[in-house]
Amino acid sequence: MSTPEGPRRVRVTSPRTSAARRPIMPTGAREIDEQTRLGEIYMQSLVQSQLRLALAVIGGVLLLLGSIPLLFWLVPPARTLSILGLPLPWVILGILVYPVVYVAARIYVRHAERIEAEFTEFVGRQ
């Protein structure tokens with residue numbers, strides 16, 4: 001009896017001797033990727049920094065905008081004052097509030113980007 005012969009096995013090799021290697025990651029980035037305890041601490045510090053910034057900006061905006069009713073309560077003539085034919089409360093609430101919010105948003109974005117850049121630089125050095 002003869003044994004059925006299948007196709008011959010062929011060994012395929014690449015002429016390239018150096019395959020692409022994984023980039024060497026800094027220790028800090030590796031800790032974050034592998035979700036180790038140290039990586040958790042790094043991420044927690046980033047989140048806390050961003051939270052502090054957000055609370056500071058929100059607090060500043062609330063303090064500034066929250067003082068508007070106080071202004072009208074402490075200075076009653078301000079309720080009836082007109083600027084260019086518009087009542088002062090309308091000018092403040094309808095026009096001046098938007099630049100305040102815009103500036104607060106710009107400040108927040110600029111500082112948040114700085115925090116992230118510093119964090120990335122710190123983790124990259126580790």
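Tutor: Before we start, a term: the bend at a residue is the angle between two fitted axes, one through the seven residues ending there and one through the seven starting there. This is a predicted model, in which local features need pLDDT of at least 70 and side-chain atom pairs count only at pLDDT 80 or more, while totals for chains, interfaces and linings use all residues. Residues are numbered from 1 along each chain as its sequence is written, and side-chain values use heavy atoms, with hydrogens and water left out.

Student: OK. Where is the kink in α2?

Tutor: At I68, where the kink is about 30°, shortly before the proline P69. Helices here are DSSP runs of H or I with at least four residues, strands are runs of E with at least two, and both are numbered from the N terminus.

Student: And how far does α2 reach, end to end?

Tutor: Its 38 residues cover 53 Å from the first C-alpha to the last, close to the 56 Å expected at 1.5 Å a residue. The expected span is 1.5 Å times one less than the number of residues.

Student: Where does α3 bend, and by how much?

Tutor: At L96, by about 40°, with a proline, P99, following within four residues. α3 has 38 residues and spans 54 Å between its end C-alpha atoms, close to the expected 56 Å.

Student: What's the overall order of elements?

Tutor: α-α-β-β-α along the sequence, that is, three helices and two strands.

Student: Which residues form the largest nonpolar core?

Tutor: There are ten: Y42, L46, L53, V57, V61, A104, A112, I115, F119 and V123. A nonpolar core is a set of buried Ala, Val, Leu, Ile, Met, Phe, Trp, Tyr and Cys residues joined through side-chain atoms within 4.5 Å. Buried means under 20% relative accessible area, exposed over 50%, and partly exposed in between, with a 1.4 Å probe and protein chains only.

Student: Which elements give two or more residues to it?

Tutor: α2 (37-74) and α3 (88-125). As one example of the packing, L46 touches I115 and F119, leaving out residues up to four places away in sequence. Contact means heavy atoms within 4.5 Å.

Student: What lies apart from that core?

Tutor: Another core, of six residues, including I68, F72, A78 and I92. I68, the kink residue of α2, is also among the buried residues of that helix. On α3, the buried set includes L88, P89, V91 and I92.

Student: How much of the whole protein is buried?

Tutor: 17% of its 126 residues. Among contacts with a separation of 6 or more, 61% join residues 24 or more positions apart.

Student: Switching topic: which residues does UniProt list as transmembrane region?

Tutor: The unreviewed entry lists 53-75 and 87-109. UniProt positions are in the numbering used here, feature names are shortened, and annotations may be inferred rather than shown by experiment.

Student: What do those spans look like in the model?

Tutor: Residues 53-75 are 96% helix and 0% strand, with end C-alpha atoms 33 Å apart. Residues 87-109 are 96% helix and 4% strand, and their end C-alpha atoms are also 33 Å apart.

Student: How far is A105 from V61?

Tutor: 9.9 Å, C-alpha to C-alpha, with their positions 44 residues apart in sequence. A105 is in α3 and is partly exposed, at 39% relative accessible area.

Student: What's the phi of L84?

Tutor: About 55°, so positive, although L84 is not a glycine. Most residues other than glycine have a negative phi.

Student: Where is L84, and is it buried or exposed?

Tutor: L84 is in the loop between β1 (82-83) and β2 (86-87). It counts as exposed because its relative accessibility is 85%.

Student: And what does L86 contact?

Tutor: L81 and V91, leaving aside neighbours within four places in sequence. L86 belongs to strand β2 and is partly exposed, at 38% relative accessibility.
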